[in-house]
Each structure stands twice: as structure tokens, then as C-alpha cells.
Amino acid sequence: FLVLALGSSLLAHGLLLRLTNSYLVAFATALVVLLFPGCLYQTYIPFLVIAGAYVLLIYDPKTLAPCVPSWAAVTCNGLYLGLAYLIRSDIATVYLVLFLGYQGLLALRASIRERRGLTLLLLLPRLAGVALVAGLVGLVFALEAKSEGYLEGFLRQYWALPGSLISLLQQRFLTEPSARAAVTYTLWPRPSVLSFFSSSGEQGLIFLTYFPILAFVLISLFLIAELLKRSMDAKGISDFIAERANLLVLTGCSAAAFPQFFVWRPDLPHLAGFVPGFVVLMAYFLFLLKERVSVPTSLDTGRRWKFLVLSGLCSAYLIVFAANYEDGLNLRRDRLSRLRSDRGVDVYLNWEQFEIARQLNSIIRAESRTDDIVLGFPYLPGINFLTGRPTFQKNLYVDDRILAKQPDWPDEMRRTIELKRPQIIVIDNWAPNTTDFSRFRNWARPLYDYISRTYELRARIFEYEVFVAR
């Protein structure tokens, strides 16, 4: 956590210092990122977002040259792409799209400046180098995955995001309504923007949820205005790329972490994964706006008011977020119990987390051998890591949304359990989408009933149920 927090802060400082040449902007932004680096178990998301922007913008849109030797620029982008797919495939996919788009803009500007037609020959060596480095990174881990028997799942992650989008579009537009599965499932409820004016008590969360959308809209309008005010000829397009491509890249990188919060789980821990990248974006955007109000003309008076209003909103956003932020650099604040195991686990937990982990570790080790299969629903990969027991699960996280894509999932999992006979099944009956239906025992009721009949309920540990083969 601390290493990633410091890394995100240093990258934010280096990136903004390079883009703005302002030590004040760079230091202030880096300090905010360091104080609010994301939630404890997802600090890698802000790091990936900021690091992605950093390596993309190694290539200067004004000079068209990298700020480091060409081989180093290619290596950095290739290493990032290869490692990002191993960590978070959705952010890696967005980065890949941004990289190709940004390189295309640089090639277009180079063609305009050199007065010749756009050619892929400007891009091919760079793209080939990045692909080679990323491929070598992936190959190392693919060989390990093959030796451990999970190559199929490893390769599937590269297609995860585009595959999900294609599946969604096929179901929405290419499947007859009568053939679509009539499935009930829930998502984490997102507060309505209209409830901001009610007495719901969620005004702070509503502001934190919807202000980024307003910011993205304002940045889009700014970019459109910047493009339209120029002559729509080769020189105007070239100048726009030189002056505003940085903002385009920062906006895309920041937006990469927005869906995991806004679409999938609009809660504070996932918001915390989005905020650091958003802070870097808004710091740069406000810097650009400040540059435009340096001359005291009547036109700039209006721009100055717009700058002040947006600065006030950004300040309010940070204050509201800070008031609700639950993690921070003081990791030991309420984590006083130390958990150790022979698997290399050595962490501090709060009392409830410690008791859950300790009791699960004890009963699983007592009731199984090292080669016995242990399953955990809906999301418990930690028990396999803690105890050293294998699993056959391909989807380590499942909730009621899986019924939309695989309505027969409970029956398929029951047949797999009958075939492979896991020794222990652990079920956590939390409500991941805040609704009672999203509890595993409700949305997967046939499977839960089968497990209850076939296995012996050996222990209840808080909301966890431990079933052991009879």
C-alpha cells in the first residue's frame, strides 16, 4: 500500500511538472495523491491510471520526440502494457486504445509538419517494439500458467473487456426478445441525482458520484471549442494536437477508472480508486484554464469567473471526499491483530477480520489435506492462498449478475461439484449488491440447498458457513 501510494504520488509529481513546468502544481497534486491514494486493497488502480498517463506522455506532442531515448520509451510502454494486463485487464484495454489513438495523432501531426501523406511506416517500428516487449512479459507468465494448469483462464483475461462488451451488444441487439433469459439480478444501487434535493442524507455521495461527469463534459466542451476556434486546415489540426493532446490523454486515463466505480460498484472504496487519477486530470485542466485568464480583458473576466467556480467545485469535491475517506497512511489505526501463516501471510487486521481468518484457516487445515479442493462463494480466493488448498473455480467472484449471462450457472456448478467432490465449501452470506437477493443463499438457492443437503455444516463464523464433505 505505502509503496504504491508513494509511487502514484511521485508519478503524479513528475508528470505534472513535465506538463506544466510548475513546481507548485506538481507538488500540491502529488501531496493530495499521497494523502488519498485509494483504498487499502485497490491502491493499484490509481497507480495504473497515473503510470499509464506517464508512459503515454513520454512522447511529447509538440516535438513529436520522446523525453527519453526511443528504446527506453518503447520499453516503458511495452512493460506497462504487458504488466497492466496481468493486473487489471479493463484498464489495460483502455490504455491500449489510448496508445494507438495517441500514436495515430502524433503520426498525423508528423505527416502534416513534414508535408507528406499519412503512412503507417511512421508507426510500425514503435508499435512493433511495444508489442514485442508486452508479448515477452505476457509469455513469461503464460509459461508459468501453463505449468500450473491455468493457461486457459490466464489467456481469457486478455479478451475479458471486449468479450463482455460484444456479449452485451449481441444480447441487446442481435437476440430476439423472446429468446432472452428472463433473469432477475441486482446492481449496487446508485443514488439518483434528483435525490440531491431531497432529505435522503446522501448529498455528499451524490456530489462525489456525479461531479466527475460534469467535469468530463466541461473538458469535452473545452476541447471542442479549442478545435473549432482554429482554422480547420492542416496547420490548425496540427496545432490542436500539439497543444491539447496532453489533455486528451489525461482525460482518457482518468476515465478508465470511472466505470469500476460508477457502473459496477458506486461505493466509497471504489470511488477512492478513481479519485487520484481524477485529481491529476483536474489539476492540469485548471492549470490550462488559469493560463487563459492571465490578461485582464473583458473576455478574460468571464473566463476568470469560470475558473474560480470550477476551482471552488474541485475544492469542495476534495473536502467532501476527505470527510468520507476511510483509509489513509495510518494503516494501523484499527488493525491491531497480526496474522501470520506458513504461506508467507503476515498482515495486521482488525479484530473481526483476524477472527474470521484465524478460524477459517484452522478449520480448513484440520478438515482437509493439502491436495483437497476448497471452494469459496461468492468471493473467497484468500482462503486458498492462506491455507494452500487448490480450487477449480474459473470465476473467483460471482454474484447474482452472472445469471444474466449464465442463467444455468447454479446447476452447472452443482454438476461440477458432483464430479470433482471438493472437500470443503465456504459460503459468505454478505449482500455484495446491498439487496437481500444478492446474498448467495438467495440467488443461488438450488445450489445452496444442494450443498446443505450433501455436505455437513461444520461451523458458522460470523456470516461465513463452512461445509465439509460427509
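**Close-up views of a predicted model**

**View 1. The salt bridge between R338 and D346.** With a relative accessible area of 40%, D346 falls between the limits of 20% for buried and 50% for exposed, and therefore counts as partly exposed. The model shown in this and the following views is predicted. The side chain of D346 meets that of R338 in a salt bridge, with 2.8 Å from N to O. R338, for its part, is also classed as partly exposed, at 37% relative accessibility. Side chains of opposite charge can pair when their charged atoms come close. Across the structure, the count of such salt bridges comes to 19.

**View 2. The salt bridge between D372 and R369.** The side chains of D372 and R369 meet with an N to O distance of 3.4 Å. The two partners fall into separate classes of accessibility: D372, at 11% relative accessibility, counts as buried because this value is under 20%, whereas R369 has a relative accessible area of 56% and is exposed because this value is over 50%.

**View 3. A salt bridge within helix α19.** Helix α19 covers residues 445–454 and holds both D449 and R445, which lie 4 residues apart, or about one turn of the helix. An α-helix has 3.6 residues a turn, so residues three or four places apart point the same way. The side chains of D449 and R445 meet in a salt bridge of 3.2 Å, taken from N to O. D449 is partly exposed at 27% relative accessibility, and R445 is likewise partly exposed, at 37%.

**View 4. A network of salt bridges and a nonpolar surface patch.** E226, K229, R230, E243 and R244 are linked to one another in a network of salt bridges. The view also takes in a nonpolar surface patch of about 710 Å², to which I213, L214, V217, L218, L221, I224, L228 and M232 contribute. One of these patch residues, L218, is found in helix α9, which covers residues 203–228. The relative accessible area of L218 is 32%, a value between 20% and 50%, so this leucine is partly exposed.

**View 5. Helix α6 and the elements packed around its buried residues.** Helix α6 comprises the 25 residues from 124 to 148, and at 1.5 Å a residue it should span 36 Å; the C-alpha atoms at its ends are 35 Å apart, which agrees with that expectation. The buried residues of α6 are G129, V130, V133, A134, V137, G138, A142 and A145. These buried residues pack against α4 (70–87), α5 (89–113) and α7 (151–156). After α6 comes G149, which has a positive phi, near 90 degrees.

**View 6. Strand β4 and its two pairing partners, β3 and β6.** Strand β4 runs over residues 424–428, and because 5 of its 5 residues are buried, it is largely enclosed by the rest of the structure. In a regular strand the side chains alternate between the two faces of the sheet. Within β4, I424, V426 and D428 point one way while I425 and I427 point the other way, and all of them are buried. β4 pairs in the parallel sense with strand β3 (residues 374–377) over 4 bridges, and within this pairing L375 stands opposite I425. Strand β6 (residues 464–469) is joined to β4 by 5 bridges, and these two strands run antiparallel. There, Y464 of β6 is the bridge partner of D428.

**View 7. The surroundings of H270 in helix α12.** H270 is found in helix α12, which covers residues 268–292. The histidine counts as buried, because its relative accessibility of 5% is under the limit of 20%. Leaving aside residues up to four places away in sequence, H270 touches Q42, Q260, F261, W264 and R265.

**View 8. The whole chain, as context for the close-ups.** The chain contains 19 helices and 6 strands. Of its 470 residues, 46% are buried. Among the contacts between residues at least 6 apart in sequence, 65% join residues at least 24 apart. The accessible surface of the chain amounts to about 23,900 Å², and 63% of this surface belongs to carbon and sulfur atoms.

Definitions and conventions: Residues numbered from 1 in each chain as written. Predicted model: local features only at pLDDT ≥ 70, side-chain atom pairs only at ≥ 80, totals over all residues. Heavy atoms only, no water. Expected span 1.5 Å × (residues − 1). Buried < 20%, exposed > 50% of the residue type's maximum accessible area, 1.4 Å probe, protein only. Contact = heavy atoms within 4.5 Å. Pairing = 2+ DSSP bridges. Patch = residues over 30% accessible without salt bridge, like charges linked within 9 Å, V, L, I, M, F, W, Y side chains within 5 Å. Areas by Shrake-Rupley, 256 points an atom, 1.4 Å probe, with all protein chains shown as cover. Salt bridge = Lys/Arg side-chain N within 4 Å of Asp/Glu carboxyl O.
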